[in-house]
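Work through the exercises below with the sequence and the structure open. Try each task before reading its solution.

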Amino acid sequence: MITRTIMTPEHQLIKLSPKQTLEEGLKIISDNSFLSLPVVEDKKFLGVLHAKNILEDLFLKRANEEEVSAMLKDPLEKHMSVNKAIALDTDYIETVAEKFSVNNISFVPIVNKKDEFLGIVTQKAIFGLVVRVYGLKDAKVVIHADDFVGVLSNITRIIEKHGANITNIIQYNTDVMGITEISIRLKGEQLPLLVEKLKERGIKVHEFTPQVQ
């Protein structure tokens with residue numbers, strides 16, 4: 001899956017101009033309850049204005065009233081941060097997720113091959129994708145087995161006969177006596193009965209979690 005599929009497009013974003021004053025930029029951020037906003041000019045992403053960084057800078061400098069007043073009149077481009085964690089709209093989502101893991105950022109700017117700003121990917125979008133892909137709200141059956149392929153074949157046949165649907169399967173090697181843990185996410189009716197069927201067939205069901213409503 002590529003980044004443009006979970007990107008918030010630029011026309012839906014509030015963007016700042018580098019020529020706006022710092023005071024104007026901070027007011028827009030505050031009025032919209034954001035922590036930061038992208039700075040864009042002529043379809044080019046230039047950086048990010050972080051309200052927290054500005055306030056911390058003023059505190060550390062112990063700026064007096066005159067200094068604060070003068071600073072607020074500055075063009076905000078003087079105080080924006082240059083965000084180098086930029087991704088292409090054709091990059092895989094894993095690439096964007098890695099940028100979040102190694103950078104202290106609230107969003108990743110997305111550009112095309114012409115370096116035109118297209119939008120952003122937020123942490124919320126990444127987490128939402130994880131929930132959808134891994135079916136984290138679906139029922140979960142955790143099974144222990146020493147023969148992954150053979151057991152999985154039996155499990156899928158039983159699930160199919162019961163009329164349930166598998167939304168996700170994760171295999172994990174426990175490193176304990178050659179046991180493999182199989183986590184299966186399911187959708188369907190009367191899943192507790194399905195779990196009992198699995199147990200009757202000799203499947204070692206370690207855990208069952210009902211669907212989250």
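A polar contact is a pair of N or O atoms within 3.5 Å; within protein, one must be able to donate a hydrogen and the other to accept it. Keep in mind that this is a predicted model.

**Exercise 1. A side chain in a loop**

Task: Place Gln20 in the fold, then find the backbone atom that its side chain approaches.

Solution:
- Step 1. Locate the residue. Gln20 sits in the loop that runs from strand 1 (8-9) to helix 1 (22-31).
- Step 2. Look for the polar partner. A polar atom of the Gln20 side chain is 2.8 Å from the backbone nitrogen of Ser17.
- Step 3. List the contacts beyond four places in sequence. Gln20 touches Ile28, Asp74, Pro75 and Leu76.

**Exercise 2. Dividing the chain**

Task: State where the domains begin and end, and how many Å separate their centres.

Solution:
- Step 1. Read the bounds. Domain 1 covers 3-131 and domain 2 covers 137-209.
- Step 2. Take the centres over C-alpha atoms. They lie 44 Å apart.

**Exercise 3. The mixed sheet**

Task: Give the strand order of the sheet with mixed pairing and identify its edge strands.

Solution:
- Step 1. Trace the order. The sheet is open, has 4 strands and reads 1-6-5-4.
- Step 2. Find the edges. Strand 1 and strand 4 (87-88) each have a single partner strand, so one side of each lacks a neighbour in the sheet.
- Step 3. Check a pair. Strand 5 (residues 107-111) and strand 6 (residues 117-122) run antiparallel and are joined by 5 bridges. Phe107 has Thr122 of strand 6 as its bridge partner.
- Step 4. Add the helix. Helix 4 (residues 93-102) lies across strand 4, strand 5 and strand 6, at about 140° to strand 5.

**Exercise 4. The antiparallel sheet**

Task: Work out the order of the open sheet with antiparallel pairing, then the helices that pack on it.

Solution:
- Step 1. Trace the order. The 4 strands read 8-9-7-10.
- Step 2. Find the edges. These are strand 8 and strand 10 (204-209); each has a single partner strand, so one side of each has no neighbour in the sheet.
- Step 3. Follow the twist. It averages 20° from one strand to the next.
- Step 4. Check a pair. Strand 7 (residues 139-145) and strand 9 are antiparallel, with 7 bridges. Ala145 has Thr180 in strand 9 as its bridge partner.
- Step 5. Place the helices. Helix 6 (residues 148-162) touches strand 7, strand 8 and strand 9, and its direction makes about 20° with that of strand 9. Helix 7 (residues 191-200) touches strand 7, strand 9 and strand 10, with about 170° between its direction and that of strand 10.

**Exercise 5. The nonpolar cores**

Task: Which residues of the largest nonpolar core touch the most other members?

Solution:
- Step 1. Pick out the hubs. Among 18 residues, they are Ile143, Ile155, Leu194, Leu198 and Ile203.
- Step 2. Name the contributors. Strand 7, helix 6, strand 9 and helix 7 each give two or more residues to this core.
- Step 3. Examine one hub. Beyond four places in sequence, Ile203 contacts Ile143, Val151, Asn154, Ile155, Ile158 and Leu198.
- Step 4. Look for another core. A second, separate one has 14 residues, including Ala87, Phe100, Ile126 and Leu129.

**Exercise 6. An exposed or buried glycine?**

Task: Classify Gly178 as buried or exposed.

Solution:
- Step 1. Locate Gly178. The loop between strand 8 (165-173) and strand 9 (180-187) holds it.
- Step 2. Apply the cut-off. Exposed means over 50%. Gly178 has 56% relative accessibility, so this residue counts as exposed.
- Step 3. List its contacts, leaving out residues up to four places away. Gly178 touches Ala145 and Asp146.

Definitions and conventions. Residues numbered from 1 in each chain as written. Predicted model: local features only at pLDDT ≥ 70, side-chain atom pairs only at ≥ 80, totals over all residues. Heavy atoms only, no water. Buried < 20%, exposed > 50% of the residue type's maximum accessible area, 1.4 Å probe, protein only. Contact = heavy atoms within 4.5 Å. Domains from an automatic or database assignment. Pairing = 2+ DSSP bridges. Axes fitted to C-alpha atoms, helices over the stretch in contact; angles between N-to-C directions. Core = buried A, V, L, I, M, F, W, Y, C linked by side-chain atoms within 4.5 Å.
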